[in-house]
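I opened this entry to keep a record of what I looked up in the model, beginning with the chain as a whole and ending with single residues.

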Amino acid sequence: MIVLLWCALLAQGAPVRILIDQPLRAVEYQLDRLSNDEIVRIERSDADPKYRPVYVALLTRQGLPSAVRDEALAALVKMDKMSPAQVLFDALARVKPEDESIADKLLAMLYAQPLDALKAMREASVHVLDDATSPVVRRGAYGIIMKADGHSDSARQAAVNHGQMEEAMVAMADTRVDADVFHVLAEGVVLARVAPLRMAALRAIERLPAPLLTGPEVEPVAAVIVDMLKSASSDERTQPALADATQLAERLAATLPDARRAPIARDLRALGVRIVKISTIVEQMAFDVRWFAVEAGSTVQIAVTNADAMPHNILIGAPKSVEAIGTAAMTMTLPSDPSAMAYVPNLPAVLESTPLIKEGETGRLNFTAPKQPGEYVFLCSYPGHWARMYGVMLVVPDLAAWDAHPTVPTDPITNQPFSSSHRAIGSSDQRVISSSDHR
């Protein structure tokens, strides 16, 4: 609904025109200079091949609604007379390595294509591995091979031969063609002889949904992460790779019985950094986390990944300050200085904040938790977002003691206890976590 409204508003603007009858490089230069709002309104027709660069840009541009990508894909299939799977695979070559969000979206669209179409591309994908310089293209090639085979054996052997295990492991996590995908990736963590390969396996495991993180490998993987953190400095533990690994260790420990979970949780707390990972939910204007707990005076990192096309931020506020901060932000305008904190009111209630986070980016907020226990709030202060994008940071005197007897905070808008710590998004990849499952 939000994206449809956005598209409707954009459609009311004047069409954007460029000098389309120019050499390809000149057309691409013009397209690159357009904002997302402008490129959605650009003049185009799928009946005229000269507009092909426009549709390529719409398909591969980060931050556009899924309806725009679907339109672009259909137009390119018509123009190029190729299958959607082949069009999507070819588009991967235009994705920059740092644009992980659009890479993930295109790969998800690719893997969702009919199996016969992917099988028809299998042999060509094998040959791509010899020449492709783009990690995204290699990921796509390994994913096609895995989907076509129904398992990862051949793809993994090819990855060993080509020295491309990182791309293959991420493709394993994305395609999940093996029932024992976590077991295979866990072996990569426990048995890896070099740090880059171990980190690649951990990054792949991070992409797996919670129901797959089970089995005898859970404890050894968590133990490896704890050992990595013990050998790192306090500054290194807040860097993205180790911060994400810490959060994974917490997820893994949460699946264990209390007697086996407690030593891992104790070690993670002793390392002094509480990692909280929050994501936005695509096209729902919502965070996936409703509330979380931290220890008073402890070091905290909140990592917010924006999977949505709209920009978002996150603010930490004093207890019961959601509405005051949100309404104050609605009166603010976007600052001309891109480095300035946008929509962050100058109020005593605002304790911490991030800049606006674009689609595909992760904003990290490092701070010391308040010394005074209480139900502090977090929210997105982009105008109009606060009414849905908010939650509670529960600050407790002793996290270990609270962990043994957890309490549930109150929703600051409804004044009722939260029903769950995470928000369900209607996917088998996400679970609703009960009020006692807070980790």
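I first fixed the term that the burial count needs: a residue is buried when its relative accessible area is under 20%, exposed when that area is over 50%, and partly exposed in between. The model is a predicted one, and with this cut-off I found that 49% of the 439 residues of the protein chain count as buried.

**Overall form.** I looked up the secondary structure and found 20 helices and 9 strands in the protein chain. I then checked the radius of gyration, which is 23 Å and close to the 22 Å that the globule rule gives for 439 residues, so the protein chain is as compact as a globular protein of that length. Along its principal axes the C-alpha trace spans about 65 × 55 × 35 Å. Among contacts between residues at least 6 apart in sequence, 67% join residues at least 24 apart.

**Surface and charge.** I noted an accessible surface of about 20,300 Å² for the protein chain, with 54% of it belonging to carbon and sulfur atoms. The charged side chains come to 43 positive and 53 negative, and I found the centres of the two sets 1 Å apart.

**Cores.** I asked myself which residues have the most contacts inside the largest nonpolar core. That core has 90 residues, and the list I obtained is Leu31, Leu59, Leu106, Leu110, Tyr142, Leu185 and Leu202. Helix H15, residues 218–230, gives the largest share of this core, with 8 residues. I followed Leu202 further and, leaving aside residues up to four places away in sequence, found that Leu202 touches Val189, Val221, Ile225, Met228, Ala245 and Leu248. Apart from this core lies another, of 23 residues, and I noted Ile278, Ile316, Tyr376 and Phe378 among them.

**Backbone at two loop residues.** I looked up Arg176, which has a positive phi of about 50 degrees although it is not a glycine, and which sits in the loop between helix H12 (165–175) and helix H13 (181–191). Tyr343, also not a glycine, has a positive phi of about 60 degrees and belongs to the loop between H19 and strand S6 (350–353). Are these two buried or partly exposed? Arg176 is partly exposed at 29% relative accessibility, whereas Tyr343 is buried, with a relative accessible area of 8%.

**Thr327.** My last entry concerns Thr327, which lies in helix H19, residues 322–329, and is partly exposed because its relative accessible area is 36%. I found its C-alpha atom separated by 9.4 Å from that of Pro345, 18 residues apart along the chain.

Definitions and conventions
Residues are numbered from 1 along each chain as its sequence is written. This is a predicted model: local features need pLDDT of at least 70, side-chain atom pairs count only at pLDDT 80 or more; totals for chains, interfaces and linings use all residues. Side-chain values use heavy atoms; hydrogens and water are left out. A nonpolar core is a set of buried Ala, Val, Leu, Ile, Met, Phe, Trp, Tyr and Cys residues joined through side-chain atoms within 4.5 Å. Buried means under 20% relative accessible area, exposed over 50%, partly exposed in between (1.4 Å probe, protein chains only). Helices (H or I, at least four residues) and strands (E, at least two) are DSSP runs, numbered from the N terminus. Contact means heavy atoms within 4.5 Å. The radius of gyration is taken over C-alpha atoms; the globule rule is 2.2 Å times the number of residues to the power 0.38. Accessible areas come from the Shrake-Rupley method with a 1.4 Å probe; for residues, only the protein chains shown count as cover. Lys and Arg count as positive and Asp and Glu as negative; His and the chain ends are not counted. The place of a charge is taken as NZ of Lys, CZ of Arg, CG of Asp or CD of Glu.
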